[in-house]
Amino acid sequence: MSGYDSSDDDDDVVLLVCVMDSVIRKIRRQSRIPKHVSSFSGHEKMCELITGHEGLLLEHIRMNRYCFHRLVTLFTVQNRLQETHTLTVQDQLMMFLTMVAHGDSNRRTSYEWKHSGETVSRYIDTISSHLVQLASRFIVPPDFDDVSTVIAENRRFFPYFQGCVGAIDGTHIPCVVDADVAAAYRNRKGFTSQNVMAVVDFDMKFTYLVAGWEGSCHDARVLNVATSNPAFMFPYAPEGKYYLVDAGYKNKPGFLAPFRGQNYHLHDRRREDGDRRKEMFNYQHASLRNVIERTFGVWKSRFRILRGIPRYPLEKRRDIDPFR
């Protein structure tokens with residue numbers, strides 16, 4: 001009499017499991033619910049914004065219709081972006097501008113535009129890289145021979161500041177970095193950031209900008225490196241011209257800082273101590289240099305991505321900010 005063979009039962013169990021797994025997979029495929037099913041596509045949304053009220057477009061991408069069409073033309077003529085079967089050039093730029101204007105995450109942008117996260121990430125990378133290449137076309141040194149009307153038409157500033165061509169300061173942009181370098185990027189307020197140094201004129205236009213420095217780096221060091229290293233292409237002011245800087249910077253040719261140890265801001269002037277002449281100079285200096293603080297405020301309000309801490313690598317964030 002032959003013995004009992006348990007291997008036959010094992011084979012039957014394995015076969016049954018395989019059949020059940022195949023049936024379950026088939027049922028799941030048949031009942032799968034598509035992720036992007038909204039009838040209102042990203043392209044339709046873009047068309048509605050372009051053809052609708054201009055105020056709505058301005059609120060949505062922080063740019064009016066004329067500027068948006070100019071940007072589309074620039075990217076198209078220079079062959080920086082190509083239309084695909086799913087996204088036009090207008091769609092690609094609208095998606096990018098929406099993300100930086102509102103600080104949207106990849107997941108939210110993917111949902112709004114009905115495209116995968118990989119597609120969104122790829123176009124964000126591409127457009128931010130091209131904007132960095134175009135930065136030198138829009139961020140240009142000031143006209144050193146010109147005296148700003150803000151100075152020339154104000155008796156508080158003219159002729160005392162007629163040689164001033166702009167203001168310099170740094171600002172911190174929150175960022176996410178690897179744990180091994182987090183200490184270097186942690187600023188004095190306790191969060192990780194990159195230190196961005198900018199030069200602006202009195203029309204609130206950027207004339208120079210350098211990004212990517214660690215948050216713990218002092219503003220003065222960023223300026224010293226930018227002015228001493230030719231690779232940074234800093235726009236030096238000619239003789240007789242200068243930039244306004246705050247008390248954190250060194251007072252030297254080309255850079256005018258306020259008197260130290262004296263009252264500087266308006267609320268400080270109520271104090272009785274201090275040299276009145278130096279105090280008056282500091283007050284006028286602060287009033288004129290305030291243009292860079294206002295510029296930073298408008299910049300961060302217009303592009304909300306600069307105020308939060310989105311999960312983008314530092315290299316990509318440096319390109320977005322927004323322009324190096």
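**View 1. Aspartate 145, an exposed residue with a relative accessible area of 74%.** In this predicted model, aspartate 145 counts as exposed because its relative accessible area of 74% lies in the range set for that word, which is over 50%. Aspartate 145 is placed in the loop between H7 and helix H8, the latter covering residues 149–152. Together with Asp143, Asp146 and Asp203, Asp145 forms a negative patch on the surface.

**View 2. Leucine 134, a buried residue of helix H7.** Helix H7 spans residues 117–138, and leucine 134 has its place within this helix. Leucine 134 has a relative accessible area of 4%, and it is therefore called buried, a word used for values under 20%. When residues up to four places away in sequence are not counted, leucine 134 touches Leu74, Phe75, Gln78 and Arg80. One of these contacts is with phenylalanine 75, and although leucine 134 and phenylalanine 75 are 59 residues apart in sequence, their C-alpha atoms are 9.9 Å apart in space.

**View 3. Leucine 15 and a nonpolar patch on the surface.** Leucine 15 lies in helix H1, which runs over residues 7–31. With a relative accessibility of 54%, leucine 15 counts as exposed, because the word applies to values over 50%. Leu15, Val19 and Val23 make a nonpolar surface patch of about 260 Å². Leucine 134 and leucine 15 can thus be viewed side by side as two leucines, since leucine 134 is buried, whereas leucine 15 is exposed.

How values were computed: Residues are numbered from 1 along each chain as its sequence is written. This is a predicted model: local features need pLDDT of at least 70, side-chain atom pairs count only at pLDDT 80 or more; totals for chains, interfaces and linings use all residues. Side-chain values use heavy atoms; hydrogens and water are left out. Helices (H or I, at least four residues) and strands (E, at least two) are DSSP runs, numbered from the N terminus. Buried means under 20% relative accessible area, exposed over 50%, partly exposed in between (1.4 Å probe, protein chains only). Contact means heavy atoms within 4.5 Å. Patches are made of residues with over 30% relative accessible area and no salt bridge: like charges are joined within 9 Å, nonpolar side chains (Val, Leu, Ile, Met, Phe, Trp, Tyr) within 5 Å. Accessible areas come from the Shrake-Rupley method with a 1.4 Å probe; for residues, only the protein chains shown count as cover. A salt bridge is a side-chain nitrogen of Lys or Arg within 4 Å of a carboxyl oxygen of Asp or Glu. Lys and Arg count as positive and Asp and Glu as negative; His and the chain ends are not counted. The place of a charge is taken as NZ of Lys, CZ of Arg, CG of Asp or CD of Glu.
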